[in-house]
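Please walk me through this structure in the viewer, stop by stop. At each stop, tell me what to select and what is found there.

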Amino acid sequence: MALAFSPEANDQIDAILKRYPTRLAALIPVLFVAQRTFGYLSSEAMELVAARLDLPPAQVISTATFYTMFNKKPVGRYHVQVCKNISCYLRGADEVTSCLSEKLGVRPGGTTPDGAFTLEEVECLAACGRAPVVQVNEQYHEWQTRESAAALVAELREKAGAKGGGV
Amino acid sequence: MAAVTTYDHLLRDKHGKDYRDLAVYRAAGGYRAVLKAKELGPEAVVGEMKKASVRGRGGAGFPAGIKWGFVPKDTDKPKYLVVNGDEGEPGTFKDNYFLSHDPHRLLEGCIICSHALGIETCYIYIRGEFFQQIATVERAIADCYKAGILGANSMGTGKRMDIHVHSGAGAYICGEETALLESLEGKPGQPRLKPPFPAVVGAFGCPTVINNVETLSTVPLIIEHGADWFLGLGVERDGGSRIVGVSGHVKRPGLFEVGVGANMKDIIYELAGGILEDRALKAVIPGGSSCPIMTPDEIDVPMTVDAVRDAGSMLGTCGIIVIAEGTCLVRCLQRISHFYAHESCGQCTPCREGTGWLARIVDDIEAGRGRQEDLDMLLNIADQIGGNTICALGDAAALPVLSFVKKFRADFQAHVDHKGCPHDQPLPGWTRP
């Protein structure tokens with residue numbers, strides 16, 4: 001089935017276009033709309049964005065592939081991202097990653113077989129004063145330790161289960 | 001030890017008030033500086049900014065008032081204000097405070113700047129990971145439109161003023177001002193050659209002012225209290241108070257507002273509580289991860305752009321990273337070098353190839369595969385990257401390598417001699433607050 005934007009998404013895109021003097025400038029915000037709508041940016045999703053903004057598909061792909069927040073393949077419903085940079089490292093980020101990896105049963109970069117969790121190590125999240133930091137979807141979890149990371153996984157599992165995730 | 005004076009002009013988190021709420025912000029005097037600026041007139045506002053000697057808070061330290069002065073007065077093109085909220089330099093977390101807790105301060109600074117320079121449209125570029133902060137700023141903007149602070153007749157000045165948030169999408173390089181403009185325009189964030197400078201050819205080919213979040217957030221204070229007052233908080237040619245962030249191996253990591261020129265050592269030991277487990281200090285990175293590392297005997301220095309430069313490093317963003325004795329500096333450099341390799345935009349060969357090369361050699365040294373000649377090879381490669389690229393990311397990758405290897409060569413030598421990492425002491429422990 002061909003992908004399509006919902007009427008709400010189309011309204012959002014119209015509002016975005018009004019903010020800029022060029023259509024190209026709307027590309028990054030519209031890619032976010034597409035990612036929220038379809039879960040990740042497949043080739044079809046990028047082609048849809050290109051058609052909607054009347055831009056060459058190559059231009060859309062060029063921008064989409066430059067930025068790390070655009071997922072070119074599906075990620076888990078909970079995208080667990082641990083900062084591995086210097087300030088978080090100094091306060092034990094590696095311990096947090098290894099705990100999350102054990103509890104989730106995946107290595108960094110991996111997704112659980114049920115599609116509930118993706119674990120990833122990422123670069124600085126600009127919350128160094130409360131390191132180590134873990135970002136889950138749109139939420140920061142600061143001051144993480146082995147213990148708090150284990151509790152975080154348990155809490156997310158419960159939520160995933162409640163949504164019928166079967167974790 | 002001298003007592004470090006802290007302020008609550010910018011960092012107002014101890015006030016117990018929710019300044020995100022427009023009514024609360026206004027009750028504390030908010031948005032009055034816009035009207036005062038209108039009375040002063042555009043030229044006087046720019047004059048106050050110059051007199052206040054605000055060095056840009058984003059890391060480069062360029063005087064903000066002078067930057068404002070570069071924007072042409074007579075032009076047929078629209079002019080833009082672009083706010084750099086792409087906070088991403090490891091060890092830096094100060095703009096996060098304004099975006100999370102005091103968004104109206106930033107908006108007020110944007111309005112004053114725009115009115116003074118004849119700008120009607122402002123884009124606030126915020127790093128994409130800051131979902132909550134973006135929502136907070138967007139709510140503040142919506143409240144301003146409802147209150148007539150933004151819109152067709154901004155605060156009754158007869159001037160149109162629009163502010164939009166533009167989300168980044170995960171690229172450190174977009175903190176570089178011309179890469180940020182490319183990103184704002186929808187393109188990959190690859191820095192532009194300068195000149196032309198953004199003040200002449202910036203966003204969408206038009207004259208553009210780009211300032212950091214903290215820089216613009218100081219503007220209402222300067223207009224409200226006057227340039228002399230602001231300048232007096234700091235030192236000559238580097239005025240005001242600013243927010244330093246301390247992270248790493250200290251007992252009380254966090255943000256502190258101090259006058260420009262406060263002593264770095266006192267900030268670490270007094271405000272941030274000293275070193276975890278009362279260990280000895282091994283090293284300090286003073287202003288975000290790209291700044292050359294400093295030894296303990298180099299940190300008794302006032303935090304000004306010039307003084308830290310004279311001490312052989314850079315003030316950068318004032319994001320101080322503290323490293324305790326017992327920490328392996330090869331591992332620390334590994335984190336930093338991989339970061340710059342990951343974030344290189346790929347445009348310039350020395351940076352694209354060199355940053356990865358550096359990271360792989362540091363990996364080899366840490367893993368015990370390092371050869372004696374690798375130490376000088378690191379210095380050689382770093383030397384050839386620095387100064388040979390369009391933007392400063394090449395230097396940002398080279399400076400840590402140069403300073404780590406030169407100042408802490410024994411750490412690197414020990415890895416080569418032991419054919420592996422000789423450090424087995426655990427990182428210092430801390431208790432969750």
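Start with the contact between two helices of chain A. Select A:A9, A:Q12, A:I13 and A:I16 in α1(A), then add A:P29, A:V30, A:V33, A:R36 and A:T37 in α2(A); these two sets meet each other. By class, the residues of this contact comprise six nonpolar, two polar and one charged. The model is a predicted one, and the contact is read from its coordinates.

Now show both helices whole: α1 covers residues 7-18 of chain A and α2 covers residues 27-38, and they pack at an angle of about 165° with their axes 10 Å apart. Angles over 145 degrees count as roughly antiparallel, and α1(A) is therefore roughly antiparallel to α2(A). The crossing of α1(A) and α2(A) is right-handed.

**Along α2 of chain A**

Keep α2(A) selected and hide α1(A). From its first C-alpha to its last, α2(A) reaches 16 Å with 12 residues, close to the 16 Å expected at 1.5 Å a residue. Just past the helix, select A:G39, which follows α2(A) and has a positive phi, near 90°.

Next, colour α2(A) by accessibility. How many of the 12 residues of α2(A) are buried? The count is 10, so the helix is largely enclosed by the rest of the structure. To pick out the buried residues, select A:L27, A:I28, A:P29, A:V30, A:L31, A:F32, A:V33, A:A34, A:Q35 and A:F38.

What covers the buried residues of α2(A)? Both chains take part: the cover includes α1, α3 (43-53) and α4 (57-66) of chain A, together with β3 (162-167) and α8 (177-184) of chain B.

**From α2 to α4 of chain A**

Of those covering elements, take α4(A) next. Its packing angle with α2(A) is about 80°, and the axes of the two helices are 11 Å apart. The two helices are therefore roughly perpendicular to each other. For the contact, select A:L27, A:I28 and A:L31 on the α2(A) side and A:Q59, A:V60, A:T63 and A:A64 on the α4(A) side. The residues of the contact of α2(A) with α4(A) divide into five nonpolar, two polar and no charged.

**Chain A as a whole**

Zoom out to chain A. It has seven helices and four strands, and from the N terminus on the elements run α-α-α-α-β-α-α-β-β-β-α. The C-alpha trace spans about 50 × 35 × 25 Å along its principal axes. Of the 167 residues in chain A, 53% are buried. Among contacts in chain A with a separation of 6 or more, 62% are between residues 24 or more positions apart.

**The loop between β7 and α12 of chain B**

Move to chain B and select B:S290, in the loop between β7 (281-285) and α12 (305-310). Is B:S290 buried or exposed? With a relative accessibility of 10%, B:S290 counts as buried. Show what it touches, leaving aside neighbours within four places in sequence: B:E89, B:M314, B:Y340, B:A396, B:L399 and B:P400.

B:E298 is also found in the loop between β7 and α12 of chain B. B:E298 is partly exposed, at 25% relative accessible area. With neighbours within four places in sequence left aside, B:E298 is in contact with B:I293, B:A311 and B:K407. Draw a distance from B:E298 to B:A283: the two are 15 residues apart in sequence and 9.3 Å apart in space, C-alpha to C-alpha.

**Backbone stops in chain B**

Most residues other than glycine have a negative phi, and most peptide bonds are trans. The last stops depart from that pattern.

Select B:K194, B:P195 and B:P196. The peptide bond from B:K194 to B:P195 is cis, with omega near -5°, and a cis peptide bond also joins B:P195 and B:P196, with omega about 0°. B:P195 is in the loop between α8 and β4 (208-212) of chain B, and B:P196 is in the loop between α8 and β4 as well.

Go next to B:Y31, in the loop between α1 (22-27) and α2 (32-40) of chain B. Its phi is positive, near 70°. B:Y31 is buried, with a relative accessible area of 1%.

Finish at B:E277, in the loop between α11 (264-271) and β7 of chain B. Phi of B:E277 is positive too, near 60°. At 49% relative accessibility, B:E277 counts as partly exposed.

Terms used: Residues are numbered from 1 along each chain as its sequence is written. Chains are lettered from A and ligands numbered from 1 in the order in which they are written. This is a predicted model: local features need pLDDT of at least 70, side-chain atom pairs count only at pLDDT 80 or more; totals for chains, interfaces and linings use all residues. Side-chain values use heavy atoms; hydrogens and water are left out. Axes are lines fitted to C-alpha atoms, for helices over the stretch in contact, and angles run from 0 to 180 degrees between N-to-C directions. Angles under 35 degrees count as roughly parallel, over 145 as roughly antiparallel, 65 to 115 as roughly perpendicular and the rest as oblique. A crossing is left-handed if the near helix is turned anticlockwise from the far one by less than a right angle, and right-handed if clockwise. Contact means heavy atoms within 4.5 Å. Ala, Val, Leu, Ile, Met, Phe, Trp, Tyr, Cys and Pro count as nonpolar, Asp, Glu, Lys and Arg as charged, and the others, Gly among them, as polar. The expected span of a helix is 1.5 Å times one less than its number of residues. Buried means under 20% relative accessible area, exposed over 50%, partly exposed in between (1.4 Å probe, protein chains only).
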